[in-house]
Amino acid sequence: MESARRRWGPACGPGAAEETPFLRRGSRGSHYDERSHLHDAFTQMTHGLQELAAAQGSFEVAFPDAAEKMKTVITQLKEAQACIPPCGLQEFARRFLCKGCYSRVCDLPLDCPVQDVTVTRGDQAMFSCIVNFKLPKEEITYSWKFARGGLRTQDLSYFRDVPRAEGYLARIRPAQLTHRGTFSCEIKQDQRPLARLYFFLNVTGPPPRAETELQASFREVLRWAPRDAELIEPWRPSLGELLARPEALTPSNLFLLAALGALASVCATLLVWMFFEWYCSGS
């Protein structure tokens with residue numbers, strides 16, 4: 001059994017030996033989530049050979065059979081995804097290397113290249129802290145910083161926190177000349193940095209004409225102080241003005257006017273009759 005270990009060597013764990021022919025593909029790296037599957041397969045193979053050794057069986061048949069089984073297992077492992085440049089800690093592309101029993105991620109920097117954003121003074125500036133690789137689903141946070149003074153830099157010592165900036169979107173409106181500089185967004189998972197994006201904001205030109213006119217009008221309103229305030233009285237039209245309107249003489253309005261006239265006539269008749277009765281009774 002010891003000679004068998006020296007010849008083939010366990011793939012992982014204590015006593016890992018040199019790469020064997022049927023493990024060459026596995027040594028190139030498989031998906032990190034496949035490590036437990038690979039470990040179980042090697043453990044099962046080792047136990048089978050140990051049982052064969054205890055029974056004093058023949059290794060001439062056992063070793064080729066075990067090698068074929070491991071080839072099948074390794075070829076069925078899910079391969080790790082390719083790294084997506086130019087930046088970021090890409091956990092989805094982490095590779096498990098069985099040759100040394102360790103994992104490796106993409107050899108890419110955390111800092112992404114600076115992106116240029118140019119807006120006209122008074123317009124809106126928007127930044128999207130989005131990367132082109134898959135992020136973990138849980139405990140993702142975004143933090144924003146700003147290097148003022150028109151600096152185009154990735155030196156973290158120049159950046160200061162941007163208050164009330166949360167989420168993957170940041171918006172500045174209206175953009176002013178004081179906003180010229182570099183904005184940084186850091187993506188973290190449970191306090192571990194995954195990527196840092198940079199946006200250099202260049203604010204140029206005068207504000208839009210419409211906004212300039214609106215601001216001028218607003219200033220005129222603030223300076224306006226009338227001495228004699230005019231009283232705006234509500235419109236109280238007379239009956240004649242109402243009847244003179246074209247939409248007033250509808251059939252329903254005519255019927256209402258006739259009813260009002262009849263009611264007024266009856267009331268006048270009653271008043272005259274009551275006055276006559278009172279006058280006659282007094283005489």
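These are my notebook entries on aromatic pairs, one glutamate and a surface patch in a predicted model.

**Entry 1: aromatic pairs**

I looked up the aromatic pairs and found that the structure holds eight. I took Phe-127 and Phe-199 to begin with. Their ring centres lie 5.3 Å apart with the planes at 35°, so I noted the pair as tilted. Phe-127 belongs to strand E5, while Phe-199 belongs to strand E10 (residues 192-204), so this pair ties together parts that are 72 residues apart in sequence.

I then checked whether these two residues are buried or exposed. Phe-127 has 1% relative accessibility and counts as buried. Phe-199 is also buried, at 3% relative accessibility.

Next I looked at Phe-159 and Tyr-198. The centres of these rings are 5.9 Å apart and the planes stand at 55°, so I entered this pair as tilted too. Phe-159 sits in the loop between strand E6 (140-147) and strand E7 (160-161), and Tyr-198 sits in strand E10, so the pair ties together parts that are 39 residues apart in sequence. For burial I noted a relative accessible area of 5% for Phe-159, which is buried. Tyr-198 counts as buried at 0% relative accessibility.

**Entry 2: the ring cluster**

Which residues do ring pairs link into a cluster? I listed Phe-127, Trp-144, Phe-146, Phe-183 and Phe-199. Phe-127 and Phe-199, the tilted pair of my previous entry, are thus members of this cluster.

**Entry 3: Glu-186**

I turned to Glu-186, which I located in strand E9 (residues 181-189). Its relative accessible area is 12%; the cut-off for buried is under 20%, so I recorded Glu-186 as buried. Which side chain does the side chain of Glu-186 join in a polar contact of 3.0 Å? I found that of Arg-196.

I also went through the contacts of Glu-186, leaving aside neighbours within four places in sequence. Thr-141, Tyr-142 and Ser-143 are among them, and so are Pro-193, Ala-195 and Arg-196. Arg-196 therefore appears twice in my notes on Glu-186, as a polar partner and in the contact list.

**Entry 4: a surface patch**

Last, I looked at the surface. Met-126, Ile-130, Tyr-168 and Leu-169 form a nonpolar patch there, and together they have about 380 Å² of accessible area. I placed Met-126 in strand E5 (residues 125-128). Met-126 is partly exposed, with a relative accessible area of 40%. Phe-127, which is in strand E5 as well, I had already entered as buried, at 1%.

Definitions and conventions:
Residues are numbered from 1 along each chain as its sequence is written. This is a predicted model: local features need pLDDT of at least 70, side-chain atom pairs count only at pLDDT 80 or more; totals for chains, interfaces and linings use all residues. Side-chain values use heavy atoms; hydrogens and water are left out. Patches are made of residues with over 30% relative accessible area and no salt bridge: like charges are joined within 9 Å, nonpolar side chains (Val, Leu, Ile, Met, Phe, Trp, Tyr) within 5 Å. Accessible areas come from the Shrake-Rupley method with a 1.4 Å probe; for residues, only the protein chains shown count as cover. A salt bridge is a side-chain nitrogen of Lys or Arg within 4 Å of a carboxyl oxygen of Asp or Glu. Helices (H or I, at least four residues) and strands (E, at least two) are DSSP runs, numbered from the N terminus. Buried means under 20% relative accessible area, exposed over 50%, partly exposed in between (1.4 Å probe, protein chains only). A polar contact is a pair of N or O atoms within 3.5 Å; within protein, one must be able to donate a hydrogen and the other to accept it, and residues adjacent in sequence count only if both atoms are side-chain atoms. Contact means heavy atoms within 4.5 Å. Rings of Phe, Tyr and Trp (its six-membered ring) pair if their centres lie within 6.5 Å; planes under 30 degrees apart count as stacked, over 60 as edge-to-face and the rest as tilted.
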